[in-house]
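User: I would like a close look at one part of this protein. Please describe the surroundings of a single strand residue and the core beside it in one connected account.

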Amino acid sequence: MHFGLRKCALLAGLIFLFVSTPTTTWSHGTSYGKLTIDHPYAVLTQEPLGASVYFRELANRGPQTYRITGAQSGVASQVRLQTETHTPEHVIQWITIQTITIEPKTSKRFRHNHDQGYRISLTDLLQPLRDGDTFDLTLIFDDGGHKTVNVWVQAPRVGKRTHTH
């Protein structure tokens, strides 16, 4: 009987360890140095044959600055880093930028319908993408490094945009 209690205690300890481990270990994501790349996902755009890639979060846990200077994917002819601007009438316009910078000990959220306004734009898709598909996207950093992430295509969540002035 005493031996059975040890097994139960061991099992309870393993379950506690599994449940208490940080979610970035178990969630869909990866890292590049001290930069955590959490949940890369794509949503289809209204542009013909286009999609936008977002991340739940890019979190810089280290002392150095990370700069993404480009991206590549085998599913699209063109891959661009973009940020949003707004017209005086509050219409969103996406413009291509050269670099996305994540300063030390900070994070950026690249969510669709989010007020930070970054995305990686894929245009001229070489194959149709559907909800549930996956594809590889390679991020290019200013230090010459590359990191390939697996992107999941998902339907956009319906919600109100949080842009305010």
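The account below concerns Ser52 and the residues around it.

Analyst: The model is predicted, and the description starts from strand β3, where Ser52 is found. Ser52 has a relative accessibility of 0% and therefore counts as buried, the limit being under 20%. Its side chain is joined to that of Arg119 by a polar contact of 3.0 Å. Apart from neighbours within four places in sequence, Ser52 is in contact with Tyr41, Ala42, Val43, Thr45, Arg119 and Ile120.

Arg119 also takes part in a second arrangement: its charged end sits over the ring of Trp94, 4.2 Å from the ring centre.

Val53 touches Arg119 as well, and its other contacts include Tyr41, Ala42, Ile120, Leu122, Phe135, Leu137 and Val151, with residues up to four places away in sequence not counted. The largest nonpolar core has 34 residues, and Val53 is among those that touch the most other members, together with Ile120, Leu122, Phe135, Leu137 and Leu139. Elements that give two or more residues to this core include β2 (35-44), β3 (50-60), β9 (118-125), β10 (134-141) and β11 (146-153).

Strand β10 also holds Phe141, which pairs with Tyr32 of strand β1 (residues 29-32), 109 residues apart in the chain. The ring centres of Tyr32 and Phe141 are 4.0 Å apart and the planes are at 5 degrees, so the pair is stacked. Phe141 is buried, with a relative accessible area of 3%; Tyr32 is buried too, at 15%. Ring pairs link Tyr32 and Phe141 with Tyr66 into a cluster.

How values were computed: Residues are numbered from 1 along each chain as its sequence is written. This is a predicted model: local features need pLDDT of at least 70, side-chain atom pairs count only at pLDDT 80 or more; totals for chains, interfaces and linings use all residues. Side-chain values use heavy atoms; hydrogens and water are left out. A nonpolar core is a set of buried Ala, Val, Leu, Ile, Met, Phe, Trp, Tyr and Cys residues joined through side-chain atoms within 4.5 Å. Buried means under 20% relative accessible area, exposed over 50%, partly exposed in between (1.4 Å probe, protein chains only). Helices (H or I, at least four residues) and strands (E, at least two) are DSSP runs, numbered from the N terminus. Contact means heavy atoms within 4.5 Å. A polar contact is a pair of N or O atoms within 3.5 Å; within protein, one must be able to donate a hydrogen and the other to accept it, and residues adjacent in sequence count only if both atoms are side-chain atoms. Rings of Phe, Tyr and Trp (its six-membered ring) pair if their centres lie within 6.5 Å; planes under 30 degrees apart count as stacked, over 60 as edge-to-face and the rest as tilted. A charge sits over a ring if NZ of Lys or CZ of Arg is within 6 Å of the ring centre and within 35 degrees of the ring normal.
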